[in-house]
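Hi,

Here is the structure I promised to pass on. Have a look at it first, and then read on for what turned up when I went through it.

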Amino acid sequence: MRGRFCADCEQTHMSTSVTSYHTLISTNEVHETENVAVDMICDIHGKTFDLYCKTHDLAICVACLPSKHKHCYDAVFSLYEAAKYTKSSPALDDMTDSVNVALDNMNNFINNRNVAMQNIEVQEQSIRKSIGEMRTNLNRHLDKIQKSLLDELSELYTNCKSKYENILKTFHKTENEIKLLQEQTSQLTHLGSDVQVFLGTRQITEFINVKVHTVKSVVSAMQDYTIEIVMHPGITSLIEGIDNFGKIKVEEKNYSLRFKEAKLGQAQIAHTSVRLLFDSTGIRLRKKIKIKETVDEMKIYGCQILPNSHILIAIYSDDKVIMEYSDDGRHIRDILVSAKPYDVAVIDSNLIAVSYDDFMEIMSITDNNVHAKVTFDLPCWGISYQNRKIYIFIDDEGIVELDVSGNRLRTIGGKFAEAAGFLT
C-alpha cells in the first residue's frame with residue numbers, strides 16, 4: 001500500500017505493531033521508481049496483473065485464467081504472494097549480477113576499442129614519420145649522387161676545354177709567327193738587295209714549310225669532344241615505373257574478446273510460501289558419476305556446476321587437479337592447480353576461485369593462468385561466490401569477503417565464524 005506521510009505520521013506508522021515492519025522510502029525515490037519501465041497491464045485483456053502462474057512462470061490477469069491457464073489452478077496464486085519475497089530471492093541477485101556483468105562487458109569492449117583506436121593512431125603517426133624519413137633519405141641520397149655526377153662533369157669538361165685551349169694556343173702562336181714573316185717579306189721585297197731577296201725567299205719558304213708541316217700534324221691529330229649523359233636505367237625506372245613510395249595496407253583480422261557470462265537465471269519466485277516451496281518438492285537421482293581413481297587416497301571436498309552444465313570436482317589429493325565432467329558423467333579433462341584443492345567456486349564460464357590449505361587463487365580454466373592469489377595466516381576451507389563477491393572460511397577468523405580481483409573487503413566474524421567453525 002502506498003501513502004505519503006509527514007514526520008509525525010511516519011513516527012506513528014513505525015511505532016504501530018501492525019505497520020512497524022513496513023519500509024518507508026522518500027517521495028523522491030518513489031518518483032525515481034516511476035521511471036522504471038515495468039509492464040503492469042496485460043497486453044491481451046488490458047487488465048492489471050494480479051495473479052501468477054508458476055507452471056508458465058508468467059504474471060496473468062483474471063481474464064487469462066480461464067482462457068489460457070484453466071489447467072494450472074494448482075499453480076496459480078496471488079501475484080502479491082509470488083512477489084512477497086522477491087527482494088530476498090537469488091533471482092534478484094542474479095538479475096543484478098547479470099546487469100553488472102553486462103555493464104562490465106560493455107566497459108571492457110569500449111576500453112578495448114579505445115585502445116585499438118589509440119593503437120591505429122600511433123600506427124598512422126609512425127607511418128607518416130617513416131614516409132618523411134624515407135623522403136629525407138631519398139633526397140639526401142639523390143643530392144649525393146647528383147654532386148658526384150656534377151663533379152665528374154666538371155672534371156671532364158675542364159679536361160676537354162684544356163685540350164681545345166692548348167690547340168688554340170699553338171694555332172695563335174703559329175698565326176703570329178706567319179704574320180711576322182708576312183711583314184718581313186714585304187719589307188724584304190721593297191728594301192732588300194737581290195742577294196737578300198734571294199736568300200730571304202729560301203729561308204722564309206723553308207720556315208713556312210716547317211710551320212705548315214707542324215700545323216698539319218696538329219690538325220691531323222685534332223679531336224672534337226661531345227659531352228653527354230647516359231642516365232642510370234634505375235633512375236629511368238624510378239621516374240617511369242615507380243609512381244609511389246609504397247602501399248598503405250590495412251590488415252583485418254577477427255579479434256575475439258572474452259565475454260563474461262552472468263550466472264544462469266533462476267526462477268523469479270524464490271520464497272512464496274512454505275507449502276509451495278517444500279510440500280511438493282522431492283529429491284530425484286538424475287545421474288550418478290563414477291570418479292576416475294588416480295591415487296590410493298582421493299577425497300572429494302568440492303563440487304560446482306559451470307554455466308555450460310559441466311561439473312567441476314575438487315579432488316584433495318597429490319595429483320593437484322580439479323576434474324571436469326560433462327553432465328552425462330563423461331570425464332572431460334583434469335585442470336592442473338597449484339596445490340591440493342580443498343574447494344572450488346565458479347565465477348563465470350572462464351574464471352574459478354580455488355581454496356587450498358592456506359591460500360586461495362582466482363584462475364582461468366581456459367589457459368590455467370592465475371589472475372590473483374591471496375595468502376592467509378590460518379587454514380582456509382570452504383569457498384563460495386555470490387553477487388560478484390567471493391566468500392571463504394578461515395580458521396579462528398571468520399568468513400572473509402573478497403572481490404573478484406582478490407582484494408580483501410571485510411571479515412564476517414562472531415556468530416557466523418562460530419557457526420561455520422562448528423559446521424566444519
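Before the first number, one definition: two residues are in contact when they have heavy atoms within 4.5 Å. Among contacts in the protein chain between residues at least 6 apart in sequence, 42% join residues at least 24 apart. Please keep in mind that this is a predicted model.

**Overall picture**

The protein chain has nine helices and 15 strands. It runs to 424 residues, of which 24% count as buried. Its accessible surface comes to about 30900 Å², and carbon and sulfur atoms hold 54% of that.

**The nonpolar cores**

The largest nonpolar core has 17 residues. Which of them have the most contacts inside it? Those are Ile347, Ala353, Met360, Phe376, Ile383, Ile390 and Ile392. Strands E9 (351–355), E10 (359–364), E11 (370–375), E12 (380–386), E13 (389–394) and E14 (398–403) each supply at least two residues of this core.

Ile390 is a good residue to click on here. Leaving aside neighbours within four places in sequence, Ile390 is in contact with a list of residues that includes Ile347, Ala353, Met360, Ile362 and Ile383. Polar and charged names turn up in that list as well, among them Ser384, Glu401 and Asp403.

There is also a second, separate core of 15 residues, which includes Leu306, Ala314, Val344 and Tyr356.

**Aromatic rings**

The count comes to six aromatic pairs. One of them is Tyr52 with Phe77, a tilted pair at 5.9 Å centre to centre and 55 degrees between the planes. The pair links distant parts of the chain: Tyr52 belongs to strand E1 (residues 51–53) and Phe77 to strand E3 (residues 76–78), 25 residues apart. Both rings belong to buried residues, with Tyr52 at a relative accessible area of 7% and Phe77 at 12%.

Tyr356, named above in the second core, is in a pair too. Its ring centre is 4.4 Å from that of Phe359 and the planes are at 25 degrees, so the pair is stacked. Are these two residues buried or exposed? Tyr356 is buried, at 0% relative accessibility, and Phe359 is buried as well, with a relative accessible area of 11%. Phe359 has a further partner: Lys373 lies over the face of the ring, at 4.6 Å from the ring centre.

Elsewhere, Tyr301, Tyr316, Tyr342 and Trp381 form one aromatic cluster.

**Cysteines**

How many disulfides does the structure hold? Zero. Two of the cysteines show why. The sulfur of Cys42 has its closest cysteine sulfur in Cys64, at 3.7 Å, which is too far for a bond. For Cys61 the closest cysteine sulfur is again in Cys64, at 3.5 Å, also too far for a bond. The cut-off behind this is 2.5 Å between the sulfur atoms, so neither distance qualifies. Cys42 is buried at 5% relative accessibility, and Cys61 is buried at 0%.

**Loops**

Thr55 sits in the loop between E1 and strand E2 (58–60). Thr55 is exposed, with a relative accessible area of 54%. Even so, Thr55 touches Cys72 and Ala75, not counting residues up to four places away in sequence. The C-alpha atoms of Thr55 and Val76 are separated by 8.0 Å, with the two residues 21 apart along the chain.

Two other loop residues are worth a look for their backbone angles. Most residues other than glycine have a negative phi. Lys320 is not a glycine, yet has a positive phi of about 55 degrees. Lys320 is placed in the loop between strand E5 (311–316) and strand E6 (321–325), and counts as partly exposed at 37% relative accessibility. Arg388 also has a positive phi, near 65 degrees, and its place is in the loop between E12 and E13. Those two strands are among the ones that supply residues to the largest core.

Over to you!

Definitions and conventions:
Residues numbered from 1 in each chain as written. Predicted model: local features only at pLDDT ≥ 70, side-chain atom pairs only at ≥ 80, totals over all residues. Heavy atoms only, no water. Helix = DSSP H or I, 4+ residues; strand = E, 2+ residues; numbered from the N terminus. Buried < 20%, exposed > 50% of the residue type's maximum accessible area, 1.4 Å probe, protein only. Areas by Shrake-Rupley, 256 points an atom, 1.4 Å probe, with all protein chains shown as cover. Phe/Tyr/Trp six-rings, centres within 6.5 Å; stacked < 30°, edge-to-face > 60°. Lys NZ or Arg CZ within 6 Å of the ring centre and 35° of its normal. Core = buried A, V, L, I, M, F, W, Y, C linked by side-chain atoms within 4.5 Å.
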